[in-house]
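Some terms used for a fold rest on cut-offs. Let us take a few of them and check each one.

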Amino acid sequence: MKFPLKIVAADETETIDLAKKFSGVLKPGNTVALIGDLGTGKTFFTKNVIAAFGNSEVSSPTFAIVNVYETKFKIYHFDFYRIKKVGELYDIGFDDYLADSDAITFIEWADLFPEILPEHRFEIKINSIDETKREFIIESL
Ligand SMILES: Nc1ncnc2c1ncn2[C@@H]1O[C@H](COP(=O)(O)OP(=O)(O)OP(=O)(O)O)[C@@H](O)[C@H]1O
Ligand SMILES: [Mg+2]
């Protein structure tokens, strides 16, 4: 996989395929920032990356803020959607999660708090084209 990558997934199957391929480039210590409107597929994509690491029981972290999974790698799955102030993230120890070089961190709605994101990260922008078509733009920053 080469970055930046711009690709259209015609349906869920193609998103699953992309998620599987993307899982192959991830290493412990990486952060993946996911950006896209409601219902574009941030959770769907993340779920399928984590499934490739061996856990298929992933749910949306919208209400929990962060879910933790033990797979082939340790996974932190954040959702910033309900966070109102960046201080709430410091309060739950966001920095400690990020500093864990054994874990891979996914962040939905990462664009809500750009100032807290690590400089070195993957950034995935998802645009809905229609009911099942999604455009993915993946960058390695
Ligand atoms: N090609 C596709 N890729 C991803 N999801 C798709 C695709 N086609 C249809 N979908 C559907 O779109 C929905 C995406 O929902 P999902 O919860 O993943 O979005 P989200 O971006 O995480 O939303 P939120 O902002 O609420 O967290 C799912 O119901 C999924 O089945
Ligand atoms: Mg979601």
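Angles under 35 degrees count as roughly parallel, over 145 as roughly antiparallel, 65 to 115 as roughly perpendicular and the rest as oblique. The model discussed here is predicted.

Q: Why are helix 1 and helix 2 called oblique to each other?
A: Their axes cross at roughly 50°. That angle falls in none of the ranges for parallel, antiparallel or perpendicular, so the pair is oblique. The axes come within 8 Å, and the crossing is right-handed.

Q: Which residues make the contact between helix 1 and helix 2?
A: From helix 1 come Glu-12, Thr-15, Ile-16, Leu-18, Ala-19, Lys-20, Phe-22 and Ser-23. Helix 2 gives Phe-44, Phe-45, Asn-48, Val-49 and Ala-52.

Q: What makes Thr-43 and Glu-108 donors of the magnesium ion (ligand 2)?
A: The cut-off for this metal is 2.8 Å. Thr-43 (OG1) and Glu-108 (OE) lie 2.1 Å from the ion, so both count as donors.

Q: Why can this pair be said to tie together parts that are apart in sequence?
A: Thr-43 belongs to helix 2 (residues 42-52), whereas Glu-108 belongs to strand 5 (residues 103-108), so the parts joined are 65 residues apart in sequence. Are these two residues buried or exposed? Both Thr-43 and Glu-108 are buried.

Q: Why is Ile-65 counted as buried?
A: Buried means under 20% relative accessible area. Ile-65 has 13% relative accessibility, so it counts as buried. It sits in the loop between helix 2 and strand 3 (66-70).

Q: What is notable about the phi of Ile-65 and of Trp-109?
A: Most residues other than glycine have a negative phi. Ile-65 has a positive phi, near 75°. Trp-109 has a positive phi too, near 60°. Trp-109 lies in the loop between strand 5 and strand 6. At 13% relative accessibility, it also counts as buried.

Q: How do you know that the bond between Phe-3 and Pro-4 is cis?
A: Its omega is about 0°. Most peptide bonds are trans. Pro-4 is in the segment before strand 1.

Q: Which residues touch the most other members of the largest nonpolar core?
A: They are Phe-22, Leu-26, Phe-45, Phe-106 and Ile-124, in a core of 24 residues. Helix 1 (12-23) and helix 2 are among the elements that give two or more residues to this core. Apart from it lies another core, of 18 residues, including Val-66 and Leu-117.

Note on methods: Residues numbered from 1 in each chain as written. Chains lettered and ligands numbered in written order. Predicted model: local features only at pLDDT ≥ 70, side-chain atom pairs only at ≥ 80, totals over all residues. Heavy atoms only, no water. Donors = N, O, S within 2.8 Å, 3.2 Å for Na, K, Ca; no water. Helix = DSSP H or I, 4+ residues; strand = E, 2+ residues; numbered from the N terminus. Buried < 20%, exposed > 50% of the residue type's maximum accessible area, 1.4 Å probe, protein only. Core = buried A, V, L, I, M, F, W, Y, C linked by side-chain atoms within 4.5 Å. Axes fitted to C-alpha atoms, helices over the stretch in contact; angles between N-to-C directions. Left-handed = near helix turned anticlockwise from the far one by under 90°. Contact = heavy atoms within 4.5 Å.
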